[in-house]
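Okay, everyone, thanks for coming. Let me put the chain up on the screen, and then I'll talk you through it.

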Amino acid sequence: MTRSLMASRHRWIYVGAIVLLAAMVVVGLLTYEQLHETNEANRKAKQLSSALAAAGYPVPSQDQIVHTLGEDGGAVCEDPAGALKQAQWKYGMSTGTAGPGQRPVLSDREVVLAETIVLSVYCPDKLAAIKDKIDDLKLEDTVRN
């Protein structure tokens, strides 16, 4: 038996409909995942805002927190107790000069401990390692209100 011209046209309609349906499923799954990530980022940003406010810190806007930290803490949670991160925050706690003029300074306890609040919200599993490093620092109450 030979195929009729009409059956051949219907086959392309079916194939086209299946391809279109598969594309819509992929787009739907990607959209759902992005919405889920956005909801999670907003939830954690609200949690961080309330924790910062409770500790007496100035609170950035929700959008700033969401765009900076996302849902996983971004760069803050990438090996916070590692050697590179340690060098970065120790450099931040110096006079800011380069070469032989660079000296460590006594940083304010509240400024340094703000990072532990962020870690407790976004990556609490890494908080213990960084607390040990912070406990080794010599901190003072240098910023006055």
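So, Glu 40 and Arg 43: they sit three residues apart in helix H1, which means about one helical turn lies between them. Their side chains meet in a salt bridge, with 2.7 Å from N to O. I should say right away that this is a predicted model, so please hear every value as computed from it. As for the general idea, side chains of opposite charge can pair when their charged atoms come close.

How exposed are the two partners? Glu 40 has a relative accessible area of 21%, so it goes down as partly exposed; the cut-off for buried is under 20%. Arg 43 is partly exposed as well, because its relative accessibility is 43%. And how many salt bridges does a search of the whole structure find? Just one.

Let me step back to the overall layout. The chain has five helices and two strands, and along the sequence the order reads α-α-α-β-α-α-β. There are 145 residues, and 26% of them count as buried.

Staying on H1, which covers residues 5-54, let's look at Leu 20. Leu 20 counts as exposed because its relative accessibility is 53%, and the line for exposed is drawn at over 50%. Leu 20 also belongs to a nonpolar surface patch, together with Leu 21, Met 24, Val 25 and Leu 29. That patch comes to about 520 Å².

Now for a leucine with the opposite label. Leu 48 is in helix H1 too, but Leu 48 is buried, because its relative accessible area is 3%. What lies across from it in space? One answer is Ile 65, in helix H2. The C-alpha atoms of Ile 65 and Leu 48 are 8.4 Å apart, with their positions 17 residues apart in sequence. Ile 65 is buried too, with a relative accessible area of 4%. Then there's Tyr 122: its C-alpha is 8.5 Å from that of Leu 48, and the two are 74 residues apart along the chain.

Next, pockets. Rolling a probe the size of a water molecule over the atoms shows where empty space is left. The largest pocket has a volume of about 320 Å³. Which residues come closest to its centre? Those are Leu 69, Val 76, Ala 114, Glu 115 and Val 118, out of 16 that line the pocket. The elements giving two or more residues to that lining are H1, helix H2 (62-69), helix H3 (83-92) and helix H4 (109-122). By class, the lining breaks down into 12 nonpolar residues, two polar and two charged.

One last spot, for anyone who likes backbone geometry. Asp 79 is not a glycine, yet its phi is positive, at about 50°. Where is Asp 79 found? In the loop between H2 and H3. Its relative accessible area is 49%, so Asp 79 counts as partly exposed; exposed would need over 50%.

To recap, the two places I'd like on screen while we talk are the Glu 40 and Arg 43 salt bridge in the predicted model and the largest pocket, with Leu 69 and Glu 115 among the residues closest to its centre. Okay, over to you.

Conventions:
Residues are numbered from 1 along each chain as its sequence is written. This is a predicted model: local features need pLDDT of at least 70, side-chain atom pairs count only at pLDDT 80 or more; totals for chains, interfaces and linings use all residues. Side-chain values use heavy atoms; hydrogens and water are left out. Patches are made of residues with over 30% relative accessible area and no salt bridge: like charges are joined within 9 Å, nonpolar side chains (Val, Leu, Ile, Met, Phe, Trp, Tyr) within 5 Å. Accessible areas come from the Shrake-Rupley method with a 1.4 Å probe; for residues, only the protein chains shown count as cover. A salt bridge is a side-chain nitrogen of Lys or Arg within 4 Å of a carboxyl oxygen of Asp or Glu. Helices (H or I, at least four residues) and strands (E, at least two) are DSSP runs, numbered from the N terminus. Buried means under 20% relative accessible area, exposed over 50%, partly exposed in between (1.4 Å probe, protein chains only). On a 1 Å grid over the protein atoms alone, a cavity is a set of points where a 1.4 Å probe fits but cannot get out, and a pocket is an open set with protein on both sides within 12 Å along at least five of seven lines; lining residues have an atom within 4 Å of a point. Grid points are joined across faces, edges and corners, and a volume is the space filled by probe spheres set on the points. Ala, Val, Leu, Ile, Met, Phe, Trp, Tyr, Cys and Pro count as nonpolar, Asp, Glu, Lys and Arg as charged, and the others, Gly among them, as polar.
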